[in-house]
Amino acid sequence: MLNYKAERTVLEHKHKYRISYKSGNYAGWKLSVKRTEFIGTTSDTNKLTGSKVKFKNAVIRNSATNSSGMPSTVSGTGAEGIEIPADQAVDLVTAGANEGIGTWIYSLGENVEQGRQSVELFVPVSNYAVDNYVSTFTWSLTDAPTEEEA
């Protein structure tokens, strides 16, 4: 039986994702995100073609009671960050076997001010229709055993 819990909160522009991993098999886990193209709310033919979203300044922390190893891969760290292209899943955190056990928090930014600057949207110059544009971000937490364990 797998026992995962993922929560997402946005408080004062600080983006946090809390993962509690207590599966008992310790095969590992993976946090990923996928977004849709930005589409107009008044007409779905209105699109922000070529727009880019980037996550920057990612930090991963464990709870005070966690005693397992840090996840082996954390994407989006530093000012360069990681691009989240439309319609493609991007792995943000990967915990291998015996890693990431307990509760971990993946946040964009060390503090509120840095959090405000940690999600970047780029829209290329073009003739876009006047509209409100939306994109849906789908977060996935999956069990990720190694190939030997699968």
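1. **Confidence.** The mean pLDDT of the protein chain is 82. Of its residues, 82% reach 70 or more. Keep in mind that this is a predicted model. Strand β8 has the highest mean pLDDT among the elements, at 97. Strand β1 (residues 4–11) has the lowest, at 44.

2. **The start of the chain.** Read residues 1–13 with care. Their pLDDT stays under 50 throughout. The model still gives this stretch 37 contacts beyond four places in sequence.

3. **The four-strand sheet.** One open sheet has four strands, in the order β7-β9-β3-β13. Its pairing is antiparallel. The edges are β7 (73–74) and β13 (137–143). Each edge strand has a single partner, so one of its sides has no neighbour in the sheet.

4. **A closer look at β7 and β9.** Strand β9 covers residues 90–95. Two bridges join β7 to β9, and the two strands run antiparallel. Which residue of β9 is the bridge partner of threonine 73? The partner is threonine 94.

5. **The three-strand sheet.** Another open sheet has the order β8-β5-β11, again with antiparallel pairing. Here β8 (82–83) and β11 (119–122) stand at the edges. Each of them has a single partner strand, so one side of each is left without a neighbour in the sheet. Strand β5 (residues 52–55) is joined to β11 by four bridges. Within that pairing, lysine 54 stands opposite glutamate 120.

6. **Strands β6 and β10.** Five bridges pair β6 (residues 58–62) with β10 in the antiparallel sense. Arginine 61 stands opposite isoleucine 105 of β10. Why is β10 described as largely enclosed by the rest of the structure? Strand β10 (residues 102–108) has seven residues, and six of them are buried, so the surrounding structure largely encloses the strand.

7. **The nonpolar core.** The largest nonpolar core holds 24 residues. Those with the most contacts inside it include Trp29, Leu31, Phe55 and Tyr106. Ile84, Leu92 and Val93 belong to that group too. Six elements should be traced here: β2 (14–21), β3 (29–35), β5, β6, β9 and β10 each give two or more residues to this core. The largest share comes from β9, with four residues.

8. **Serine 118.** Find this residue in the loop between α1 (112–116) and β11. Is serine 118 buried or exposed? Its relative accessibility is 0%, so serine 118 counts as buried. Its side chain makes a polar contact of 3.0 Å with the side chain of asparagine 57. Beyond residues up to four places away in sequence, serine 118 touches Lys54, Phe55, Lys56, Asn57, Leu108 and Gly109.

9. **Lysine 56 and glutamate 120.** The whole structure has five salt bridges. In one of them, the side chains of lysine 56 and glutamate 120 meet at 3.0 Å, N to O. Lysine 56 lies in the loop between β5 and β6, and glutamate 120 in strand β11, so the pair ties together parts 64 residues apart in sequence. Lysine 56 is buried, with a relative accessible area of 14%. Glutamate 120 is partly exposed, at 34% relative accessibility. A general point helps here. Side chains of opposite charge can pair when their charged atoms come close.

10. **Arginine 61 and glutamate 110.** Arginine 61, already met in β6, also forms a salt bridge with glutamate 110. The closest N and O atoms are 2.6 Å apart. This pair links distant parts of the chain, 49 residues apart. Glutamate 110 sits in the loop between β10 and α1. Arginine 61 is partly exposed, with a relative accessible area of 34%. Glutamate 110 is partly exposed as well, at 44%.

11. **Glutamate 113 and arginine 116.** How many residues apart are glutamate 113 and arginine 116 in helix α1? They are three residues apart, so about one helical turn separates them. The two form a salt bridge, with the closest N and O atoms 3.1 Å apart. Glutamate 113 counts as partly exposed, at 43% relative accessibility. Arginine 116 is partly exposed, with a relative accessible area of 45%.

Key: Residues numbered from 1 in each chain as written. Predicted model: local features only at pLDDT ≥ 70, side-chain atom pairs only at ≥ 80, totals over all residues. Heavy atoms only, no water. Pairing = 2+ DSSP bridges. Buried < 20%, exposed > 50% of the residue type's maximum accessible area, 1.4 Å probe, protein only. Core = buried A, V, L, I, M, F, W, Y, C linked by side-chain atoms within 4.5 Å. pLDDT = per-residue confidence, 0-100. Contact = heavy atoms within 4.5 Å. Polar contact = N/O pair within 3.5 Å; in protein donor to acceptor, adjacent residues only side chain to side chain. Salt bridge = Lys/Arg side-chain N within 4 Å of Asp/Glu carboxyl O.
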